[in-house]
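Subject: Structure for your review

Dear colleague,

Please find below the structure that I am handing over to you. My findings follow it.

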Amino acid sequence: IVQMKAETKGLELVPWIRSTVPRICVGDSGRLRQIILNLLSNAIKFTHHGKVVLRCQPSPDMSRLLFDVEDTGIGLSEDTIQRLFQPFVQADATIARRFGGTGLGLVISRNLVKLMGGELT
């Protein structure tokens, strides 16, 4: 799904999975998929050229997986980042008109991550 969106925009989607990530993990794969799709979709939506990178690696103690999404998109200030985790909030008032969305994806994703014992920042 996200690969096609990236290709349509001429973006490179780069998966980077450290070789030390276990092949079998315990967790809610459906919810993890939902969270990663949301994060990648947001990155692709707000990136006009360049790439979107998804990194996955084990935590230092090997008890958790750490995910990181990086893009060459429009960027956000620290103040804006904090507001994005509030329901129905977007970076600015023109975002919904230009890009669509309800402002709930990150809130839902953060709550799902928290329910699984993790943190989304």
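A disulfide is taken here as a pair of cysteine sulfur atoms within 2.5 Å. With that cut-off, a search of the whole structure, which is a predicted model, finds zero disulfides. Cys25 and Cys56 illustrate the result. The cysteine sulfur nearest to that of Cys25 belongs to Cys56 and lies 7.4 Å away, so Cys25 is in no disulfide. Cys56 is likewise in no disulfide, its nearest cysteine sulfur being that of Cys25 at 7.4 Å. As to their surroundings, Cys25 counts as partly exposed, at 43% relative accessibility, whereas Cys56 is buried, with a relative accessible area of 6%.

Overall architecture

The protein contains five helices and three strands. Read from the N terminus, these elements follow the order α-β-α-β-β-α-α-α. Of the 121 residues in the protein, 27% are buried. The exposed surface amounts to about 8300 Å², and carbon and sulfur atoms supply 57% of that area. When contacts between residues at least 6 apart in sequence are considered, 55% of them join residues at least 24 apart.

The hairpin of β2 and β3

Strand β2, residues 51-58, pairs with strand β3, residues 65-71, in the antiparallel sense, over seven bridges. Within this pairing, Cys56 stands opposite Phe67 of β3. The two strands, β2 and β3, form a hairpin with six residues between them. Met62 is found in the loop that joins β2 and β3, and its phi is positive, near 65 degrees, although the residue is not a glycine. Most residues other than glycine have a negative phi. Met62 counts as partly exposed, at 48% relative accessibility.

Helix α2 and its partners

Helix α2 covers residues 29-45, 17 residues in total. From its first C-alpha to its last, helix α2 reaches 24 Å, close to the 24 Å expected at 1.5 Å a residue. At the start of α2, a side-chain oxygen of Asp28 comes to within 3.2 Å of the backbone nitrogen of Gly30.

The buried residues of α2 are Ile35, Ile36, Asn38, Leu40, Ser41, Ala43 and Ile44. Their packing partners are α1 (2-8), β1 (12-17), β2, β3 and α5 (105-115). The buried residues of this helix thus pack against both strands of the hairpin described above.

Two individual residues

Thr47 is found in the loop between α2 and β2. At 0% relative accessibility, Thr47 counts as buried. Leaving aside neighbours within four places in sequence, Thr47 is in contact with Lys9, Leu11, Val52, Asp71, Thr72 and Gly73.

Ile17 is found in strand β1. In contrast to Thr47, which is buried, Ile17 is exposed, with a relative accessible area of 58%. Ile17 and Arg55 are 38 residues apart in sequence, but their C-alpha atoms are 5.7 Å apart in space.

In summary, the model holds zero disulfides, an antiparallel pairing of β2 and β3, and a helix α2 whose buried residues pack against α1, β1, β2, β3 and α5.

Yours sincerely

Definitions and conventions:
Residues are numbered from 1 along each chain as its sequence is written. This is a predicted model: local features need pLDDT of at least 70, side-chain atom pairs count only at pLDDT 80 or more; totals for chains, interfaces and linings use all residues. Side-chain values use heavy atoms; hydrogens and water are left out. Helices (H or I, at least four residues) and strands (E, at least two) are DSSP runs, numbered from the N terminus. Buried means under 20% relative accessible area, exposed over 50%, partly exposed in between (1.4 Å probe, protein chains only). Contact means heavy atoms within 4.5 Å. Accessible areas come from the Shrake-Rupley method with a 1.4 Å probe; for residues, only the protein chains shown count as cover. Two strands pair if DSSP finds at least two bridges between them. The expected span of a helix is 1.5 Å times one less than its number of residues. A polar contact is a pair of N or O atoms within 3.5 Å; within protein, one must be able to donate a hydrogen and the other to accept it, and residues adjacent in sequence count only if both atoms are side-chain atoms.
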